[in-house]
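Colleague: Could you take me through one part of this model closely, choosing a helix and following what packs against it? I would like a connected account rather than a list.

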Amino acid sequence: LYNTLHSLLELVRGGDAQADAAIDRFARLARYVSEGRAPGRDLVPLAEEWRMLSDYLALEALRLGPRITYRLALHPAVADVRVPALTLQPLVENAIVHGLAPRAGPGTLRVSAVALDGALVVSVDDDGLGTAARTAGSGRGLSLVRRRLALWSGGTATLAAGAGQDGTGWHVALRLPLAGRAA
């Protein structure tokens with residue numbers, strides 16, 4: 001898969017810079033996803049998860065164009081905190097699929113990570129359809145992330161979700177123990 005993607009990248013080199021960047025991002029994303037399932041790669045530094053999220057969002061922005069704006073804010077103090085790999089992407093995907101993509105006009109997605117009261121707090125906020133969203137899907141994304149976090153943390157991690165602070169959009173807040181710092 002990686003070799004094929006890099007071969008494709010070589011075919012478009014010298015042409016469209018956006019195509020080059022997209023293929024490169026997709027290759028990094030595919031590598032991260034496959035490595036995330038490898039033994040010993042259950043936990044990754046938040047900075048790695050953040051880079052993958054940045055690649056994912058850049059690819060979504062290609063698809064949605066001016067209909068999506070996103071802002072990522074990773075506080076440097078939490079960049080080395082270890083988190084379960086592939087925890088944030090399903091939450092961001094939910095925000096896009098259920099809140100922003102079906103919306104008629106442009107929307108904004110904000111993802112932030114900070115240390116607060118001895119915990120890592122990650123927030124995913126959008127100004128999309130919020131509780132009014134009725135899109136097709138299994139409806140299992142949040143429950144799967146909750147279950148995974150509960151198994152990983154022994155119940156000390158929490159995930160809260162609901163309408164945004166002003167009653168519009170959607171807000172998801174993860175609260176994880178600050179215990180695991182990357183070596």
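**Helix α4 and its two partners**

Modeller: The chain has five helices and seven strands, and in sequence order these follow the pattern α-α-β-α-β-β-α-β-β-α-β-β. The model is a predicted one, and what I say below should be read with that in mind. Of the 183 residues in the chain, 39% are buried, and among contacts between residues at least 6 apart in sequence, 68% join residues at least 24 apart.

The part I have chosen is helix α4, which covers residues 88-100. Its 13 residues reach 17 Å from the first C-alpha to the last, close to the 18 Å expected at 1.5 Å a residue. The buried residues of α4 are Leu88, Gln89, Leu91, Val92, Ala95, Ile96, Gly99 and Leu100, and several of these reappear in the helix contacts that follow.

Two packed helices are described by the angle between their axes and the distance between the axes. Take α3 first, the helix of residues 46-64, which has 19 residues and reaches 26 Å between its first and last C-alpha atoms, close to the 27 Å expected at 1.5 Å a residue. The axes of α3 and α4 come within 10 Å and cross at roughly 25°. Because angles under 35 degrees count as roughly parallel, α3 is roughly parallel to α4, and the crossing in which α3 passes α4 is right-handed. On the α3 side the contact is made by Leu46, Glu49, Trp50, Met52, Leu53, Tyr56, Leu57, Glu60, Arg63 and Leu64, and on the α4 side by Leu88, Gln89, Val92, Glu93 and Ile96. Sorted by class, this contact of α3 with α4 holds ten nonpolar, one polar and four charged residues. Just after α3, Gly65 takes a positive phi of about 60°.

Leu57, which lies in helix α3, shows the packing at the level of one side chain. Leu57 counts as buried because its relative accessible area is 0%. Leaving aside neighbours within four places in sequence, Leu57 is in contact with Val92 and Ile96, and also with Tyr70, Leu72 and Leu109. Leu57 and Arg25 are 32 residues apart in sequence, with their C-alpha atoms 9.9 Å apart in space.

The second partner is α5, residues 141-153, which packs with α4 at an angle of about 165°, the axes being 10 Å apart. Angles over 145 degrees count as roughly antiparallel, and α4 and α5 are therefore roughly antiparallel to each other; their crossing is left-handed. Here Pro90, Leu91 and Asn94 in α4 meet Gly141, Leu142 and Val145 in α5, and the residues of this contact divide into four nonpolar, two polar and no charged.

A strand residue extends the picture on the α3 side. Ala113 lies in strand β4, residues 107-116, and counts as buried because its relative accessible area is 0%. Not counting residues up to four places away in sequence, Ala113 touches Leu46 and Trp50, as well as Ala73, Leu74, His75, Val78, Leu120, Val121 and Val122. Leu46 and Trp50 are also among the α3 residues that make the contact with α4. Finally, Ala113 and Arg175 are 62 residues apart in sequence, yet 9.8 Å apart in space from C-alpha to C-alpha.

Note on methods: Residues are numbered from 1 along each chain as its sequence is written. This is a predicted model: local features need pLDDT of at least 70, side-chain atom pairs count only at pLDDT 80 or more; totals for chains, interfaces and linings use all residues. Side-chain values use heavy atoms; hydrogens and water are left out. Helices (H or I, at least four residues) and strands (E, at least two) are DSSP runs, numbered from the N terminus. The expected span of a helix is 1.5 Å times one less than its number of residues. Buried means under 20% relative accessible area, exposed over 50%, partly exposed in between (1.4 Å probe, protein chains only). Contact means heavy atoms within 4.5 Å. Axes are lines fitted to C-alpha atoms, for helices over the stretch in contact, and angles run from 0 to 180 degrees between N-to-C directions. Angles under 35 degrees count as roughly parallel, over 145 as roughly antiparallel, 65 to 115 as roughly perpendicular and the rest as oblique. A crossing is left-handed if the near helix is turned anticlockwise from the far one by less than a right angle, and right-handed if clockwise. Ala, Val, Leu, Ile, Met, Phe, Trp, Tyr, Cys and Pro count as nonpolar, Asp, Glu, Lys and Arg as charged, and the others, Gly among them, as polar.
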